Amino acid sequence: MQRRNTGPVLLPVVVALVALLTGACGIPDETGVTVVGAGPSTGISSVGDGGKTKVTRKEAGNDRAQFVENYLKAAAGDLDTAAERMRGFMTKEAAKDFKPTSADLRVIRLLADPLATRGSDVVKLTYEQVGTLDKFGLLEPATETGPVTSEVRVGSVDGEPGLFVAEAPPVLLLSDVGLESSYDEQTIYFWNTDYSGLVPDVRYMPKAVPVEQRPTMIINWLANGPAPWLSVSDLLDGFGPVGKVPAISDNKLQITLTAQSLPATDAAVAQERLRQQLQWSLRPLLPAAAELDLKIGFKIGSYTGEDYLGSNPAYRLVDDPEWFVVFDGKIRRHTGSASAAPIPVLRPEENKDVRLAAMSTSRRYTFAAVVTRTGKTDALRVAAAPTGSQAPLQTVSGLPSPLGKPTWAVTKDDSEAGAVGLITANGNLYSFSTKKGAARQIPWTGPGNKITAVAVAPDGRRVALVVDNKLYRAALNTGGDTPALGTPQQIRPASLSDVTAVAFSSESRLTVAGTRIDDNRVTVVDVSIDGALKESDRLRTELKGKSVESLSVYPVNPTAAGGSDSVCYSADGKAWNVLYTESQIGVDKLAGQFPNPLPDKVPTFSFYLE
């Protein structure tokens, strides 16, 4: 879905313009990014309080390589004045000649430290393109592949302290380090195509934007439409704010929208959906007890409480998940499982020959998919039942061996057929239903040929895939006769040369296993949904050289702080738990009594009830 141009957008002015003073050969040292701080307290949370932020040429240092690294952070902030901030690092002549070829920021990741050679004023850069960041906070992954080399000429100016950029590429460059340090991830939401749940759309908000100005900015992002890769319901063409959203007063946030923000028919239903969409999109900015006053034309509504939270499927995620392991061909509970009840859905006599499994729940039903192996042949069997009940496993036909880890996309809460299964089979992607029948191959329209892993987001409408050891994201369309993928986009997780497994760790983050670029060691990392950012030091950075065959992660609820604490993987025929420290899951982690444990048997796979 293409974003539309809604004309002028009320964006806050968050930086002071850089003046090119004519009285010197260079730019004065005090020139930089200055953000006006927030006004009187309004009761809004302190996220992005707009405190004074300043990046100056003088502060960039006298080491040329370090100077260039800081130059690659200068563009962060208000996009309209990004070029001026970069000119603040330049000589007068270079600033005059600097005319960027694109209005968007090109986000890059340095593949090596900037190379400054003694005796030369040229600093060489080697980087990969992560994507482009536009004024609506949307980062579109780059389509280019391979490293890029570039040069920045750095020197001094007579009579002026410090270094200056004397020549640079005509591009608004921003390093991923600058992105991480100068922006907050801000999730906005759109309804899926059947209006059964909200789908997240991750954007980037400059930290310099005062918190009072953020609601207006977010509403304008919504008015501009969803990210092109998502398959969701857009707002009406006439949707938009009337003026700017005033600051919270008396614990109330008042938003006035155009009368065209609602349809002529079923306006009450549309207003209810719209207020939930706004409450989720604005949630990080609102105190828990704040009231949302929404005026749309002559229609006025006031909303308090947390009844809107259920409109996001990810809100059903719990703090302590049910945790299972596969041991000796049977699914058993892990000692750390939140429940000691019998294995969901499966009848005890059918819990055998299991190699891989997936279980998911809706509000009323539980779905199971198990991959069994007899000899060298894999088979997929499925079942669905009201939560707390059991059902017989039924065989899914038409799948060639070997089979990968299955997963469920829950699409409806009130139906036994309310989920779509996905699985890789012999390098292709297939869908299956909750009952017996033939699997259907899902065409792959992106680069590469061999699909080896697939993961589904908590909303059930987005997927991540591993294809030819590269990572992709795509929308999952379930409204037609057969499930289909939208146009896939490759994402490039930091520090990884290849990828072998993927799982969603939250609605906006992926856990990815692969090989490190620098030392070829196997690692598991958390990355943003676009691959631009990496969370370091939370997951184990080295997994003793094993190739990760599959990942199982229980995503964190979007209302909770921090990342997922439930991360495990399979490698070399063994199941492992990984978070800060790595540990093999042993027989001692199996709940229940085992009078005759087999000394040569170990748990081989671990997963969660999602």
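Two strands are taken to pair if DSSP finds at least two bridges between them. With that in hand, the hairpin of β20 and β21 is a convenient place to enter this predicted model. Five bridges join β20 (residues 419-425) to β21 in an antiparallel arrangement, and one of the bridge pairs sets G421 against F432 in β21. Two residues lie between the strands of this hairpin, and N426 takes a positive phi near 50 degrees there. Strand β21 (residues 428-432) also pairs with β23 (residues 440-441), again in the antiparallel sense, over two bridges. In that pairing, Y430 has Q441 of β23 as its bridge partner. Strand β21 is mostly covered, with four of its five residues buried.

Stepping back to the whole chain, the model holds six helices and 37 strands. Of the 610 residues in the protein chain, 55% count as buried. Among contacts with a separation of 6 or more, 58% come from residues 24 or more positions apart. The accessible surface of the protein chain comes to about 25700 Å², and carbon and sulfur atoms account for 48% of this area.

Helix α5 offers a good view of the interior. This helix spans residues 214-224, and 11 of its 11 residues are buried. The buried set includes R214 and N220 as well as M217, I218, I219, W221 and L222. What covers these residues includes the strands β8 (183-191), β9 (198-206) and β10 (252-257), together with helix α6 (267-282). Just after α5, G225 takes a positive phi of about 105 degrees.

The largest nonpolar core has 54 residues, of which I255, L257, L510 and V512 touch the most other members. Helix α5 gives the most to this core, contributing six residues. Apart from it lies another core, made up of 39 residues, with A60, L72, A82 and V123 among them. Returning to L510, its contacts beyond four places in sequence include A464, L471 and I491. Further along the chain, L510 also touches V525, D526, V527 and I529. The list for L510 is completed by V502, A503, F504 and S505.

An open sheet is formed by four strands in the order β29-β30-β31-β32, with antiparallel pairing. At its edges are β29 (496-504) and β32 (534-535), each of which pairs on one side only. Strand β31 (residues 522-528) is joined to β32 by two bridges, and the two strands run antiparallel. One bridge partnership links D526 with E535 in β32. D526 is also one of the residues in contact with L510, a residue of the largest nonpolar core.

A final site of interest is S566, which sits in the loop between β33 (550-553) and β34 (567-571). Is S566 buried or exposed? S566 counts as buried because its relative accessible area is 12%, and the cut-off for burial is under 20%. Leaving out residues up to four places away in sequence, S566 touches P321, S552, V553, Y554 and Y608. Two of these partners, S552 and V553, fall within the range of β33 (550-553), the strand at one end of the loop.

Definitions and conventions:
Residues are numbered from 1 along each chain as its sequence is written. This is a predicted model: local features need pLDDT of at least 70, side-chain atom pairs count only at pLDDT 80 or more; totals for chains, interfaces and linings use all residues. Side-chain values use heavy atoms; hydrogens and water are left out. Buried means under 20% relative accessible area, exposed over 50%, partly exposed in between (1.4 Å probe, protein chains only). Contact means heavy atoms within 4.5 Å. A nonpolar core is a set of buried Ala, Val, Leu, Ile, Met, Phe, Trp, Tyr and Cys residues joined through side-chain atoms within 4.5 Å. Accessible areas come from the Shrake-Rupley method with a 1.4 Å probe; for residues, only the protein chains shown count as cover.
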